[in-house]
Amino acid sequence: MAVLRFPGESRTIESEIEITTALAALGIDYERWSLDRVGPDASADAVLAAYAAEIDAMKQRGGYVTADVIDVNPQTPGLEAMLARFDKEHTHSEDEVRFIVAGRGVFFLNMSGRVASVEVGPGDMLRVPRGTTHWFTLCEDRRIRAIRWFQDTSGWTPQYTESGLDAGYQPLCFGPTYPGMRAAHGFRL
Ligand SMILES: [Fe+2]
């Protein structure tokens, strides 16, 4: 389940319908998809096969031609260099579409100066339209597994804004808050 925050307004949204509505107002698609198709150790091919219907529907919806599974963990070679490519504010000339199978990360979206952060986790589908100014970080455990869709893989090269805005936001993850957990956390953004 995702957590949507507007750090500048000290506002946190954790209900699915409110997150969907708030992101839709910003032009961002958010959906919850079932996670019961494959086990945590399934191969990339098994994940693609299990979600074939959703993958094809998304291709139709956005004109995407390919999909793959990205699997990142602390043992991934060149992990820090890879993350450094995406944790600076940038845009792409094609949509960034992700369905999170495992792990957690945070998309920061700069919507005309109003920054929203979307912490995504297993079962979350997020579609960020081309041209949206954003950056992405992994959570502390440096782990994410996601289905990605592409119109043209060359279009996914980051175009950096060099705004420096990303440096002003802490890439912290707190996970969704469940009843009784808020006090135990002791801290909230
Ligand atoms: Fe990006």
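1. The loop between β7 and β8 contains Ser-112. In this predicted model, Ser-112 adopts a positive phi of about 55° although it is not a glycine. Ser-112 counts as exposed because 7 other C-beta atoms lie within 10 Å, and the cut-off for exposure is 12 or fewer.

2. A second serine merits comment. Ser-10 is placed in the loop between β1 and β2 (11-13). Its phi is near 50°, again a positive value in a residue other than glycine. Ser-10 is exposed, with 9 other C-beta atoms within 10 Å.

3. Positive phi also appears at a glycine: Gly-63, which follows α3, has a phi near 75°. Helix α3 itself spans residues 52-62, and of its 11 residues the number buried is 1, so the helix lies largely in the open.

4. As to the interior, the largest nonpolar core comprises 33 residues. The members that touch the most others are Ala-2, Leu-4, Phe-107, Leu-109, Val-118, Leu-126 and Ile-147. Two or more residues are given to this core by each of β1 (3-6), α1 (16-25), β6 (96-103), β7 (105-111), β8 (114-120), β9 (124-128), β10 (133-138) and β11 (144-150).

5. Which residues does Leu-4 touch, not counting those up to four places away in sequence? The contacts of Leu-4 are Ile-13, Ile-19, Ala-22, Leu-23, Ala-116 and Val-118. Of these, Val-118 is itself listed with Leu-4 among the core members that touch the most others.

Terms used:
Residues are numbered from 1 along each chain as its sequence is written. This is a predicted model: local features need pLDDT of at least 70, side-chain atom pairs count only at pLDDT 80 or more; totals for chains, interfaces and linings use all residues. A residue is buried if 20 or more other C-beta atoms lie within 10 Å of its own, exposed if 12 or fewer, and partly exposed in between; C-beta atoms are placed from the backbone. Helices (H or I, at least four residues) and strands (E, at least two) are DSSP runs, numbered from the N terminus. A nonpolar core is a set of buried Ala, Val, Leu, Ile, Met, Phe, Trp, Tyr and Cys residues joined through C-beta atoms within 7 Å. Two residues are in contact if their C-beta atoms, placed from the backbone, lie within 7 Å.
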